[in-house]
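This report describes one protein chain for a reader who is new to structures. Please look at the sequence and the fold first, then read on.

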Amino acid sequence: MDKALLTTKDASSLIGCSQSTLRNYEVVGLIVPAVKVGNRRYYSSSQVTYFIRDCCSGSIVDSEQVYFLSSSEVRKRLAISYEALEELDKQGILVPCRRLPLSHKRLYYVSDLEKFISRM
């Protein structure tokens with residue numbers, strides 16, 4: 001994250017959620033914009049990093065192009081059940097990179113799934 005201030009679009013993209021979900025996080029006080037100009041919100045890169053690490057139990061990737069898959073997309077690609085995916089997570093074999101607050105949605109890096117598939 002090279003920018004000092006991130007737009008709502010940039011921040012939500014890094015977190016792995018929609019812009020409306022980011023606003024919901026603001027409503028419940030999980031993340032507050034560093035600056036508001038009119039109806040635009042800007043978040044500091046350190047604030048987004050903190051949110052990802054502490055609220056999403058996530059990791060940071062220093063890449064401009066980060067793609068996430070939901071748990072249902074991962075299950076479809078692997079043709080496995082929800083329970084099987086849960087077991088892979090418990091065993092530390094395929095662990096989500098983010099666990100979003102409120103919805104508890106689990107997100108996976110595409111690259112992590114590709115590595116997992118290549119090891120099979």
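The structure holds zero disulfides, a disulfide being a pair of cysteine sulfur atoms within 2.5 Å. The model is a predicted one, in which local features need pLDDT of at least 70 and side-chain atom pairs count only at pLDDT 80 or more, while totals for chains, interfaces and linings use all residues. Residues are numbered from 1 along each chain as its sequence is written, and side-chain values use heavy atoms, with hydrogens and water left out.

**The chain as a whole**

Six helices and six strands make up the elements of the chain. Here helices (H or I, at least four residues) and strands (E, at least two) are DSSP runs, numbered from the N terminus. Read from the N terminus, their order is β-α-α-β-β-α-β-α-α-β-β-α. The C-alpha trace spans about 50 × 25 × 20 Å along its principal axes.

Of the 120 residues in the chain, 37% are buried. Buried means under 20% relative accessible area, exposed over 50%, and partly exposed in between (1.4 Å probe, protein chains only). The accessible surface of the chain is about 7,300 Å², and carbon and sulfur atoms hold 50% of that surface. Such areas come from the Shrake-Rupley method with a 1.4 Å probe, and for residues only the protein chains shown count as cover.

Among the contacts of the chain with a separation of 6 or more, 56% are between residues 24 or more positions apart. Contact means heavy atoms within 4.5 Å. The chain has 17 positive and 13 negative charges, and the mean positions of the two sets are 5 Å apart. Lys and Arg count as positive and Asp and Glu as negative, while His and the chain ends are not counted. Each charge is placed at NZ of Lys, CZ of Arg, CG of Asp or CD of Glu.

**Helix α1**

Helix α1 covers residues 8–15 and includes S12. The buried residues of this helix are T8, A11, S12 and I15. They line one face of α1, because seen down the axis they fall within an arc of 95°. The arc is that of the directions from the helix axis to the C-beta atoms. An α-helix has 3.6 residues a turn, so residues three or four places apart point the same way.

S12 counts as buried because its relative accessibility is 4%. Apart from neighbours within four places in sequence, S12 is in contact with C17, S18, Q19 and L22. C17 is itself buried, with a relative accessible area of 13%. Another cysteine, C97, is buried at 4% relative accessibility.

**Helices α4 and α5**

In helix α4 (residues 71–78), S71, V74 and L78 are buried. These residues lie on the same side of α4, because they cover an arc of only 60° around the axis. The buried residues of α4 pack against β4 (68–70), α5 (82–90), β6 (106–109) and α6 (110–119). K76 and R77 are exposed residues on the face of α4 turned away from its buried side.

In α5 the buried residues are L85, L88 and D89. An arc of only 100° around the axis holds them, so they are on the same side of α5. They pack against α4, β5, β6 and α6. The exposed residues E83 and K90 are carried by the face of α5 turned away from its buried side.

**Positive phi values**

The table lists residues with a positive phi.

| Residue | Place | Phi |
|---|---|---|
| G16 | just after α1 | about 100° |
| A79 | follows α4 | near 55° |
| G92 | just after α5 | about 75° |

L102 also has a positive phi, about 70°, although it is not a glycine. H104, another residue other than glycine, has a phi near 60°. L102 lies in the loop between β5 (98–99) and β6, and H104 lies in the loop between β5 and β6. H104 is exposed because its relative accessible area is 63%.

**Strand β3 and Y42**

Y42 is placed in strand β3 (residues 40–44). Is Y42 buried, partly exposed or exposed? With 21% relative accessibility, Y42 counts as partly exposed. Not counting residues up to four places away in sequence, Y42 touches L5, L6, T7, P33, A34, V35 and V37. Y42 and R77 are 35 residues apart along the chain, and their C-alpha atoms are separated by 35 Å.
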